[in-house]
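Open the model in your viewer and keep a selection panel at hand. The stops below go through one chain, then its domains, then the contact between chains.

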Amino acid sequence: MGELQAKGFWYSEWAFPLFVACLASGIFAGTHLYYVYHVGAFNDIAIVAMLEAGIKGGGYGAAAAFGASFLFARILEGPLVGILDIGGSLQTGIGIGVPALMLGAGFTAPLTSFPLALATGALLGFIIGTVIILIRKYTINASNSTFGADVMMGAGNAAGRYLGPLIIISAIMASIPVGLGATVGAAIFYYYNKPIAGGAIIGAMLLGAIFPIPTQ
Amino acid sequence: MVTLMIVLKSIVIGALVGFGVGAGAARMFHAPNVQGMGAFRTFGELNACAGDPISHFSFGLGFLFNAWASVVGAGALTQDVDHRVIPNWAAALLLWRNKNVAETLHNPKQMAIAGAAVGVVVVTVLNSTATAIPESMQLVATKVLVPAANWLINPIMPIVFWMAAMDAGKRTGIWGTVLGGLSHLVMGNAVPGIVLGILIGKGLDDSGWNKITKSMFIAVILLFVFSGFFRGFDVALLKSMYVEIPQWLIELHETFGSVVKK
């Protein structure tokens, strides 16, 4: 996968906590938006619903436990595999778990104030990023093994190729016009040497707009 | 007034999130030598679009409709904004002018800047437009793209990673199989476990049981024990073996805020 000896600020270890801080700050502030205006939380409906249950007076236990467990698991896993899963760690952990812990304990200020929300998220993100880099220092970086990076990269690339056919099959199961659209779109993209996932989506969308999928 | 506040705050949030997501996604292509952030699914999907701007754009567009429906209905943006829309649109934006992925998609600086720009637009539009989008488009997103993406995550990615682990040698095959199966039980997906199996197996192949592989092994055990506990796997295991759940275990779960159902 290209230049493995990539150097400089953007590839450095110590830049990582800064990137995590940026992302966590935005995600925590997104939860602030949700708390104040009921819009903008960076998570799926089912997970946001757990926080909502707490806001409505049903207790923050579920959201806190769920978020904290994901955060913990991802912080341990992240440095080992080289990819921090932002869904579990930041969106669920920082965006749902930590706010639920704070609200459960009676701290509302980090969620009602926008600047404070940005600062809280940034601080938490920076701590998480630093912990991950520290764990890395004592595992991956202290060895001359690549720990199968090539194997994982190969699998990542191979898995991606399945997406196009999966979209076509899914479209065919949704409705006949949408299925035809996806099939033709994918075939056209294949002819022009483009990844068929894109053609399948455009074809499905076009015919789906003309002949909507029955809702029943 | 409220809409204006939402727009102004969304611009700040979108820029921060987009910047982090962009840089993290580009760094994934250099993992594990460089610590990246995103997700294995994001990585696989970015690879599926193979550096073609139209594919990256249309993949992101599908999930934008999905996020839109969700934010209009429930105020939740869905995880797809960070996992799919921002990284794929940032990639599309960069690849439009330069098809060389090493200088665009794999470059954290370029992706961070493009991600911030995309984030500002996407987050602001999603948060400020409470009016519905065409329902037919939402339906295509939820009925076509969501199942396809779910199939990719399970079972396709576990199978592909599993076979890669087994093809890489006896040791990675065994570790990948054991940790993959446990990971699917405890965490709900085998991919993290198989990846950890490849790490430990290859680490042992290259350097044997030394300080580093031992500490990794302990970290992996801790990972499984803690995520098992916090996801209630211990209770589910006892239940499915028809064993009475001891009172101290119920109380232990209660101290961490989770309620054990009898």
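Start by selecting chain B and colouring by secondary structure: this chain has eleven helices and one strand. Reading from the N terminus, the order is α-β-α-α-α-α-α-α-α-α-α-α, with the strand in second place. Keep in mind throughout that this is a predicted model. Along its principal axes, the C-alpha atoms of chain B fill a box of roughly 55 × 45 × 30 Å.

**Two domains in chain B**

Next, colour residues 1-132 of chain B as domain 1 and residues 135-230 as domain 2, following the domain assignment. Place a centroid on the C-alpha atoms of each domain of chain B; the two centres are 25 Å apart. How many residues of domain 1 of chain B are in contact with domain 2 of chain B? Ten residues of domain 1 do so, against 13 residues of domain 2.

The two domains of chain B bury about 1,000 Å² between them, with 83% of that area on carbon and sulfur atoms. Show F40(B), F65(B) and N66(B) as sticks: in domain 1 of chain B these lose the most area to domain 2, together 45% of what the domain 1 side buries.

Searching this domain interface of chain B for charged pairs gives zero salt bridges by the rule. The search for polar contacts there also returns zero residue pairs, with both residues required to be at pLDDT 80 or more. Now select α2 (40-48) and α3 (53-74) of chain B, each of which supplies at least two residues of the domain 1 side that touches domain 2. The largest share of that side comes from α3(B), with six residues. Coloured by class, the domain 1 side of chain B shows five nonpolar, two polar and three charged residues.

**Chain A against chain B**

Bring chain A into view and select the residues in contact across the two chains: 104 in chain A and 102 in chain B. Chain A and chain B bury about 8,900 Å² between them, 74% of it on carbon and sulfur atoms. Pick out W10(A), I83(A) and M205(A), which supply 8% of the area that chain A buries against chain B, more than any other three residues.

Which polar features cross between the chains? The rule finds zero salt bridges across the interface of chain A and chain B, while the count of residue pairs in polar contact is 22, both residues at pLDDT 80 or more. Select helix α1 (residues 15-37) of chain A: with 15 residues, this helix gives the largest share of the chain A side that touches chain B. That side of chain A divides into 69 nonpolar, 27 polar and eight charged residues.

**A strand pair between chains**

Zoom to strand β1 (residues 83-85) of chain A and strand β1 (residues 36-38) of chain B, which pair in the parallel sense over three bridges. In this pairing, D85(A) stands opposite G38(B) in β1(B).

**A salt bridge within chain A**

Over all chains, the structure holds six salt bridges. For one of these, select E13(A) and R136(A), whose side chains meet at 3.4 Å, N to O. E13(A) lies in the segment before α1 of chain A and R136(A) in helix α6 (residues 114-138) of chain A, so the pair ties together parts 123 residues apart in sequence. In general, side chains of opposite charge can pair when their charged atoms come close.

How values were computed:
Residues numbered from 1 in each chain as written. Chains lettered and ligands numbered in written order. Predicted model: local features only at pLDDT ≥ 70, side-chain atom pairs only at ≥ 80, totals over all residues. Heavy atoms only, no water. Domains from an automatic or database assignment. Contact = heavy atoms within 4.5 Å. Buried area = accessible area lost by both parts, 1.4 Å probe. Salt bridge = Lys/Arg side-chain N within 4 Å of Asp/Glu carboxyl O. Polar contact = N/O pair within 3.5 Å; in protein donor to acceptor, adjacent residues only side chain to side chain. Helix = DSSP H or I, 4+ residues; strand = E, 2+ residues; numbered from the N terminus. Nonpolar A, V, L, I, M, F, W, Y, C, P; charged D, E, K, R; others polar. Pairing = 2+ DSSP bridges.
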